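Open the model in your viewer and keep the selection tool at hand. The tour goes from one stop to the next, with something to select at each.

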Amino acid sequence: MTLPESPLGAELRVTGLRLPAADAFRLSEMGIRLGTLAHVTQHAAFGGRVIAVAGSRFALDGETAALIDVEPVERMG
Amino acid sequence: MSCHGSASAPVPGRSGHASLAPLPAILRVLLVGGPNVGKSTLFNALTGARQRTTNAPGTTVELASGRWRTTAHSTAGFAVERAIVDLPGSYSLLARSSDEQITADAIWELARSFSETGLQSGVVIVVLDATALARSLYLLAQVAETGVSLVVALTMLDLASTAADSSTSAVDPDTLAAALATSLGVPVVPVDARNRAAGGMSELARAVDAVAEHPRRVTGIAPPGSFSYCGTTAAASRQHGASGSDLAAELAHAETLFAWVEHLAELVKTCLAPEDRSPAGSSRSLPGSLPGPLPGPLPGPLPGPLRRTFSDRVDVVLLNPWAGIPVFLAVVWLLFELTTRFAAPLQGAIGQLVNGPMAAGVTWLLSLMGLGDNWVQGLLVDGLLVGVGTVLTFLPVMAVMFTALGFLEDSGYLARAAFVADRAMRSLGLDGRALLPLIVGFGCNLPALAATRTLPHARQRLLTGLLIPLTSCSARLTVYVLLAGAFFPQHAGTVIFAMYLTSVLLVLGGGLVLRRTAFRDVRAGPLMLVLPPYQRPHLRTLAMSVRLRVGSFVVRAGKIIVVTMLVVWVLMAVPVTGQHSVGHVPVADSLYYSVASGIAPLLTPTGFGNDHASAALMTGFVAKEVVVGSFAQSYAVAEPGSPARAAGLGEQLRRSFDESSGGRGGAAALAFMVFVLAYTPCVAALAEQRRLFGWRTAASALTAQLAGAWVLAVLVFQVGSRL
């Protein structure tokens, strides 16, 4: 699923960055990479999302958020 | 290696070391860090008032530089002085904007200088955000790879220690700094720039001086074997469309740095853990250099359930899909009110003070010196003093704008504003923050131009700065009211509304045209923005920042305003007939009016090619408020203070506009209003454009606006007169 399809507060793992290569690279430099764990903390207007990654909050516009694939993190026990 | 040491432990003493690097007379210090890490606050704390703002050579990127002087740690008792530059905030040295390019170039230049001359010409202070160590460490790794000597300043410790989900929460700042220093192998100084006395400034100075004498390497990062200016080439290739293989190579290298960052973060965690005091724990050090095989990221605990912070709770309201936009508009409305209604009485009071008691005082002094009632008095009182008074009357509005922006920026809301308004500005390829100055421009263009500094990229600042003069400031309203009332008394409200609508269309149309021509490189890229935590602005830091920015306006824009006022006075004071002496000339017999008469034929296709209109437009270049007064002066009638007087001026206007337009006075009046809207901002706004973007850009913008306004006015008149 994509970020905009993810429920608020759910724990997620980034599984795909389908952005143009240069944009995906910058996202990686900022700390959002494949395998990164994140939570959606806020739904904003026009599909925008705020996600929490390693203590930081990132704002992503709707189009960008829709190009980030995530999966829910399964926790044992 | 032991993890638990002092943050200053890696700093050797100032003497008795075998490998001293030659030092320059004044050490150059570059301040580097990501956006919103407290870099500029630290810069202000280090330099105080000993700083100045200039544009980086050949660019419109603003750079603050200053002198950083300390005496406290000098054993000889003399002051140690350093030249410090506050480089634009950057996430990476692989630049993606002209601002980031300036940062990358400055660091690579320092590295090249050291590599080629062996002279330690400078030190880089890398500012690390304690709340986002991983992101900051990536930039630090890139800086370290260039081979420059560096010191780390650790900021945001107060926020890190209280953040519910920070990996460094509840960690003593000194302990964290010591752990980082030991892991990195370079000095790490915890700083609180808001506390200049005990915020670590002296310790930072000591660390910088020590590293300048004894260069150190960051553990695990290999300096360049042979010098190559890879920063610029990589960035340039990116900006001009890098090939896939370039990008793949950059990404592959970045992966090694990501691995280093993750490994280092784990090492720091280990250092902070009590059990690490054992010899086993201290044996986990980094390998000697990269690139090379690193152990994979150490297994760390998953984040687990989300721990909501105070900022998360506030954002539930401020970024809400329904409430976010109204809140943003309310903030912009407040800014608009502050820069117009709130500042207006202060501006009026200053104007009265300058034109009343101050002018009287100067006149009295001149008469005592035997210089009263001649051209010297006119030059000093009506030229110089009026110019200085104009600058002074703008001080409240600039101070209010800088204070409000500083408050929004320091509080953390400005980044949210960019997010909320992103969709609105996307069609122009601009950051959401551009909406704020564009709306403020409808109050006054001058503070709106000042507000462009909140935009993160120079090209976006420039594009926004070129569009702001097309926003119809409140001073232009006085012209609309006069002409709409005189020519369309039954539909004056509709005409004025149409002028504001025209202004919005001009901004949108101008933006789209510029994006397809001179600003093809400005694109609406994906919005990927780090939201800083909300915090209470620090009043003393804010006041200092406002003082410095207002001072820069006075020095750099103020002198242009004063010189322009002097030129206008000379034009008004010099007679073109022999019946008058210099300084005692009716407007109609002045050189000023003569120049206006020369311009009038150029305006014939617009329908308002008469001397009165061209003289008023020349005056409007100084300030739009005085266009009405200029009309009154040139028709030798009183300025309209009452409907009866306005009716008299209106009659005169109708007569001359009908005459110059062949009986199509209404169309000519509409064309005149469109011309006033589009032809040029006032001299103060032009001076601010020059201060922000340089002479060439300001002059080009002025020329383009004059030409565009003429074309629009001709169109309006030619179409309007045929309806």
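**A strand pair across two chains**

Begin with A:F58, whose bridge partner in β8(B) is B:V530. This is a predicted model, so read each stop as part of a prediction. Now widen the selection to strand β4 of chain A, residues 56–60, and to β8(B): 4 bridges join them, and the two strands run antiparallel.

Next, show the whole sheet. It is open and has 6 strands, in the order β5(A)-β1(A)-β2(A)-β3(A)-β4(A)-β8(B), with antiparallel pairing. Which strands stand at the edges? They are β5 of chain A (68–72) and β8 of chain B; each has a single partner strand, so one side of each has no neighbour in the sheet. From one strand to the next, the twist averages 40°. Strands of a sheet pair through backbone hydrogen bonds, in either a parallel or an antiparallel sense.

Inside this sheet, select strand β2 of chain A (residues 37–43) and strand β3 of chain A (residues 49–53), which pair in the antiparallel sense over 4 bridges. One bridge to look for links A:Q42 to its partner A:V50 in β3(A).

**Helices across the sheet**

Add helix α1 of chain A, residues 21–30. It lies across β1 (11–17) of chain A together with β8 of chain B, and runs at about 15° to β8(B). Then add α13(B), which lies across β4 of chain A together with β8 of chain B, at about 150° to β8(B).

**The side of chain B that touches chain A**

Select the contacts between the chains: 41 residues of chain B are in contact with 36 residues of chain A. Several elements of chain B give two or more residues to this side, among them α3 (133–145), α10 (310–318), α11 (324–368) and β8 (528–531). Which element gives the most? It is α8(B), with 5 residues. Coloured by class, this side of chain B shows 25 nonpolar, 7 polar and 9 charged residues.

Now pick B:D315, in helix α10 of chain B. Is B:D315 buried or exposed? It is buried, because 24 other C-beta atoms lie within 10 Å, and the cut-off for buried is 20 or more. B:D315 touches A:Q42 and A:V50, the two residues bridged in the pairing of β2(A) with β3(A). For a distance check, select B:G389 as well: its C-alpha atom is separated from that of B:D315 by 44 Å, and the two residues are 74 residues apart along the chain.

**A covered strand in chain B**

Move to strand β1 of chain B, residues 27–33, which is mostly covered, with 6 of its 7 residues buried. β1(B) pairs with strand β4 of chain B (residues 80–86) in the parallel sense over 5 bridges; there, B:L31 has B:D86 as its bridge partner. β1(B) also pairs in the parallel sense with strand β5 of chain B (residues 122–129), over 6 bridges. In that pairing, the partner of B:R28 is B:G122.

**A helix with a buried face**

For the last stop, select helix α22 of chain B, residues 591–599, and mark its buried residues B:Y592, B:Y593 and B:A596. Look down the axis of α22(B): the buried residues fall within an arc of 90°, so they line one face of the helix. An α-helix has 3.6 residues a turn, so residues three or four places apart point the same way. To see what covers the buried residues of α22(B), show chain B's α21 (558–573) and α23 (611–622), which are included in that cover.

Definitions and conventions: Residues numbered from 1 in each chain as written. Chains lettered and ligands numbered in written order. Predicted model: local features only at pLDDT ≥ 70, side-chain atom pairs only at ≥ 80, totals over all residues. Contact = placed C-beta atoms within 7 Å. Nonpolar A, V, L, I, M, F, W, Y, C, P; charged D, E, K, R; others polar. Pairing = 2+ DSSP bridges. Buried ≥ 20, exposed ≤ 12 C-beta atoms within 10 Å, placed from the backbone. Arc of directions from axis to C-beta. Axes fitted to C-alpha atoms, helices over the stretch in contact; angles between N-to-C directions.
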